[in-house]
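Work through these exercises with the model open beside you. Try each task before you read its solution.

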Amino acid sequence: MVRADAPGKIILFGEHAVVYGQPAIAAPLHAVRATAVAEPALPVSGLTVHAPDIDRTLRLEALDGGPDEPLHNALVFPIQVALRYLGLPIPDLRMTVRSTIPIASGLGSGAALATALVRALCAALGHSLTNDELNPLIFRVEQRHHGTPSGIDNTVIVYEQPVYFVSGTGPQPFTIARPFTLLVADTGHGSFTHETVGDVRRLHEAAPAQVAAIFAEIGGIARQARALIEAGEFTPLGPLMDSNHDLLRQLTVSSDTLDRLCAAARAAGAWGAKLSGGGRGGNIIALVDDERAGPVAEALRAAGAVNVIQTVVRAPEQALPCSPSR
Ligand code: MEV
């Protein structure tokens, strides 16, 4: 039996604009994870994927094709992609997936599930994929889920490191001078990235110059944020988060609940707050001094957050490779 896992993720700066070539910053969220286990199955029994959390079992019928629907795309498509990449036939395996990453919460549950599944599959078949090999495979799964992903979600999840990311160029080495603390607060409402990305695309088509200017402003914020994180200056990072949130509101991807949670975090002493990920639902992140983390978390719960996670963004133990891969 082999087991593999992958973390959730948060976008610190730059979501949506990153789809249009602007830089963005993301970090793994280690507190929530997807896990996959692969066990040998009887000869000629084929491959099944069991998801006990939702009480569903799917069978891999072929290396290609199948319905373009969420469960197939989440549990079967990643295995098809990996087997085709490895040039292998369907093995006799029973795979089981579990996840503590809430679905449709903007925390990368699809990319994490796919990463855990493909890692467990490869380990069971005696193939080890490097992160540089795995990342483009998970990107293809993201394309199936979202149509036009930037690649940031798969990249931060596969490498499990904070990343400064520009679509098409791979993760860029990025220094974090000092660890900093974020609260991640869940609205309890779904965030459907393919919908918000589609709506932003339509907005961009309707008013290309105005929306491009918003993307450029968000990109400028991500660049400034990188410089501040590299210098270990966190207090000015808060207002940048607030500005990023306002620009995301202008892109129509915020909601009353997201705005309310951000306002509650700021009022309780957070340095800044913004929605994180696709938006409309999902999570906000709030930047806090460690001493304010407890009261801000309490204020977020009082304002309606269904869950609050405290996480620390820190420099990775191993630097990212510089190779351009996605
Ligand atoms: C979703 O986590 C981030 C978005 O920018 C989409 C993407 O980059 O693919 C909204």
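**Exercise 1. The second largest pocket**

How do the residues of the lining of the second largest pocket divide into nonpolar, polar and charged, and how many are in each class?

*Solution.* Note at the outset that this is a predicted model.
- Step 1. Sort the lining by class: 7 residues are nonpolar, 3 are polar and 3 are charged.
- Step 2. Find the centre. The lining has 13 residues, and those closest to the centre are H30, E160, A315, P316 and E317.
- Step 3. Look for the elements. Strand β2 (24-40) and strand β11 (307-313) each give two or more residues to this lining. The most come from β2, with 3 residues.
- Step 4. Add the volume. The space in this pocket is about 250 Å³.

**Exercise 2. The largest pocket**

Describe the largest pocket by volume, centre, elements and residue class.

*Solution.*
- Step 1. Start with volume: the largest pocket holds about 770 Å³ of space.
- Step 2. Go to the centre. I103, A104, S109, G110 and H145 are the closest to it, out of 34 lining residues.
- Step 3. List the elements that supply two or more lining residues. They are α1 (70-75), β5 (93-99), α3 (109-124), α4 (131-146) and α6 (193-206).
- Step 4. Pick the main contributor. Helix α1 gives the most, with 5 residues.
- Step 5. Sort by class. The lining has 14 nonpolar, 12 polar and 8 charged residues.

**Exercise 3. The cavity**

How many cavities of 30 Å³ or more does the structure hold? Describe the largest.

*Solution.*
- Step 1. Count: there is 1 cavity of 30 Å³ or more.
- Step 2. Take the volume. The largest cavity has about 200 Å³.
- Step 3. Find the residues nearest its centre. They are S150, I152, D153, T193 and V197, out of 18 lining residues.
- Step 4. Assign the elements. β1 (2-13), α4, α5 (152-159) and α6 each give two or more residues to the lining. The largest share, 3 residues, comes from α5.
- Step 5. Sort by class. Here 6 residues are nonpolar, 8 are polar and 4 are charged.

**Exercise 4. One residue in a strand**

Is T96 buried or exposed? Place it and list its contacts.

*Solution.*
- Step 1. Locate T96: it sits in strand β5.
- Step 2. Apply the cut-off. Buried means under 20% relative accessible area. T96 is at 9%, so it counts as buried.
- Step 3. Set aside neighbours within four places in sequence. T96 then contacts T35, A36, V37, E39, H50 and P52.

**Exercise 5. Two cysteines**

How many disulfides does a search of the whole structure find? Then check C122 and C262 for burial.

*Solution.*
- Step 1. Recall the term. A disulfide is a covalent bond between the sulfur atoms of two cysteines.
- Step 2. Read the result: the search finds 0 disulfides.
- Step 3. Use the 20% cut-off again. C122 has a relative accessible area of 3%, so C122 is buried. C262 is at 0%, so C262 is buried too.

**Exercise 6. Confidence**

Over which residues is the pLDDT below 50?

*Solution.*
- Step 1. Begin with the whole protein. Its mean pLDDT is 95, and 97% of its residues reach 70 or more.
- Step 2. Now find the weak stretch: residues 322-326 fall below 50. This stretch has 18 contacts in the model beyond near neighbours in sequence.
- Step 3. Draw the caution. Where pLDDT is low, predicted coordinates should not be read in detail.

Terms used. Residues are numbered from 1 along each chain as its sequence is written. This is a predicted model: local features need pLDDT of at least 70, side-chain atom pairs count only at pLDDT 80 or more; totals for chains, interfaces and linings use all residues. Side-chain values use heavy atoms; hydrogens and water are left out. pLDDT is the predictor's confidence in each residue, from 0 to 100. Contact means heavy atoms within 4.5 Å. A disulfide is a pair of cysteine sulfur atoms within 2.5 Å. Buried means under 20% relative accessible area, exposed over 50%, partly exposed in between (1.4 Å probe, protein chains only). On a 1 Å grid over the protein atoms alone, a cavity is a set of points where a 1.4 Å probe fits but cannot get out, and a pocket is an open set with protein on both sides within 12 Å along at least five of seven lines; lining residues have an atom within 4 Å of a point. Grid points are joined across faces, edges and corners, and a volume is the space filled by probe spheres set on the points. Helices (H or I, at least four residues) and strands (E, at least two) are DSSP runs, numbered from the N terminus. Ala, Val, Leu, Ile, Met, Phe, Trp, Tyr, Cys and Pro count as nonpolar, Asp, Glu, Lys and Arg as charged, and the others, Gly among them, as polar.
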